[in-house]
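Please open the structure in your viewer and keep the selection panel at hand. The tour below suggests what to select at each stop and then says what is there.

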Amino acid sequence: MDRIRTRFAPSPTGYMHIGNLRTALYEYLIAKSQGGDFILRIEDTDQERYVEGAMDVVLDTLKMTGIDYDEGPGKGGEYGPYIQSERRPIYKEYALKLVESGHAYYCFCTKERLDSLKTGSDALGTSFNYDRHCRDLSKEEIEANLAAGIPYVIRQKMPLTGTTTFDDAVYGSITVENKTLDDQVLLKSDGLPTYNFANVVDDHLMKISHVVRGNEYLSSTPKYNLLYEAFGWEIPTYIHCAPVMKDEHNKLSKRNGDASFGDLIAKGYLPEAVLNYIALLGWSPSGNEEFYTLSELEKAFTITGISKSPSIFDVDKLKWMNGEYIRRMTADEFYSKAKPWIDNAVGDALSETKKIRIASLIQPRTEILTEIEEKISFFKELPEYSTELYCHKKMKTDTENSLTGLKLVLDELEGKTFAEDEWVSQNLYEILCNIAAENEIKNSQILWPVRTALSGLAVSPGGATELAEILGYNETIRRIKIGIELLSK
RNA sequence: GGCUCCUUGGUCAAGAGGCUAAGACGUCGCCCUCUCACGGCGAAAACAGGGGUUCGAUUCCCCUAGGAGUCACCA
């Protein structure tokens, strides 16, 4: 069997679509799971869509996710160039070969003629097919038109009868009637190939063995097959993937304002988590394991696990998985990822040690990195809060006993000096619980008021004594006094 | 509209003639607990509908319904 070779062939739009990234992933995995090659080819034959810097988006994404290509722009390879606009002369040459062999023909129809055909078929409510007006022009007519410089396109000459069958590794065998196939344009009047034609030529020339793409191409695949046959080329294995959806009816798309890969990263998702999640969107491993690194995926991936029906992108599950990745990090790893966000939230107010302590508190409470800031900004500045916060049914607290509790704590702590190793959560916890015991009240009637006074929030990343440790003695006393003052009004 | 494809819980999905129809997210409940989260335990929740084939269909076939894709000198 020949070497497995797959390719990712994005058109550079400056937006890394999640569906495209998933296709790239599958292409990479199919190749790598068999020890094959993964090629990057840029399809930029549509000059109108040219976007500055768009190729960098593709390159950066692949780099960030670890999807490394063996051949492609910037890397070279045996079958370059890998940018379609640099391959221009190739396509015409192959189109002409098809004309010679009788599988394609010159078409000199004007835009106006085609438009009127189209409006005619629209009126009938039927599909538009080219009426094959130029299909059987005589050699003389063609020569004359060419000599006169009349613009032309080259069209594929479809068989008029019979059927064409192709096999897809996901969808199985699909057969269509040849008479439903349009004599599609292969070479445009500007001399550039259409996507369908360039794809076939490039895939063959680059020795692509497995063509992986969205299932929107399923219906044009018979035309591909006919092209391969006309050239006498070996037909690749087709693998069509169902789309990634935003909801039941709509694809995930830039038009709908849906997040691109870059957007997700900016929102605080980790590239590994995103990759892991989308690997599972439309593909299922043989066991129940859901967590895979890229190299684990390379081992586990199988084409038979790809599903036929569309998958809805579930942000909730991605979030959960991202949180799971965060929780599985070592404390050091998490701190280095979280540091920019922590710095942003608390500035220089706290020492490095305190920040590390904060990181340890928020690590199990963070699903995406962007949540960090709002969770910890109270360390820097006590928010304004309502005394309602002191009332908690389960803690059996109200504004009155909270005031009492805070006063007891203040009495106990104020004026005392604490060594550094004494002002720690564990020790403070004992002190506070002792206060409760001595006064025969519930622990919660001390702890809840203190936690509330220190955070000014209904929920906080840590309990009373953990917050106190980080805030330090002075700030703790200050915030307790503020609480007492508020409750005394 | 023609052609092609798809259809298991709210979501991702396993299952390939006989199963109490997996697992995960989410939801809900309980436990743990200095709030919340983490963690632990548990619950509710699905084979689109109708016909066949078969001793037996989620699984095979047909039809219906619903959905998607495609029908460009766009990719």
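**Around the RNA strand**

In this predicted model, the surface near RNA strand B is made up of 24 nonpolar, 22 polar and 17 charged residues. Select RNA strand B together with the 63 residues that surround it, and then pick out the closest of them, which are Lys188, Gly282, Arg365, Tyr429 and Gly462. If you now colour the atoms of RNA strand B that lie within 4 Å of the protein, you will find that 68% of them belong to sugar or phosphate, while the rest belong to bases.

**Three contacts to zoom in on**

Begin with Tyr429, where a polar side-chain atom lies 2.3 Å from a phosphate oxygen of RNA strand B. Move next to Pro364, whose polar backbone atom is 3.0 Å from a sugar or linking oxygen of RNA strand B. Finish at Tyr217, which has a side-chain N or O atom 3.3 Å from a base nitrogen of the strand.

Among the elements that give two or more residues to this surface are helix H4 (111-124), strand E6 (172-177) and helix H16 (425-438). Which element gives the most to the surface near RNA strand B? Select H11, and you have the answer, for H11 contributes five residues.

**A buried helix**

Now select helix H9 (residues 271-279), which is largely enclosed by the rest of the structure because eight of its nine residues are buried. The buried residues include Pro271, Leu275 and Tyr277. To see what they pack against, add helix H1 (18-33), helix H2 (54-65), helix H8 (261-266), helix H10 (294-300), E11 and H11 to your selection.

How values were computed
Residues numbered from 1 in each chain as written. Chains lettered and ligands numbered in written order. Predicted model: local features only at pLDDT ≥ 70, side-chain atom pairs only at ≥ 80, totals over all residues. Heavy atoms only, no water. Near = heavy atom within 4 Å. Polar contact = N/O pair within 3.5 Å; in protein donor to acceptor, adjacent residues only side chain to side chain. Helix = DSSP H or I, 4+ residues; strand = E, 2+ residues; numbered from the N terminus. Nonpolar A, V, L, I, M, F, W, Y, C, P; charged D, E, K, R; others polar. Buried < 20%, exposed > 50% of the residue type's maximum accessible area, 1.4 Å probe, protein only. Contact = heavy atoms within 4.5 Å.
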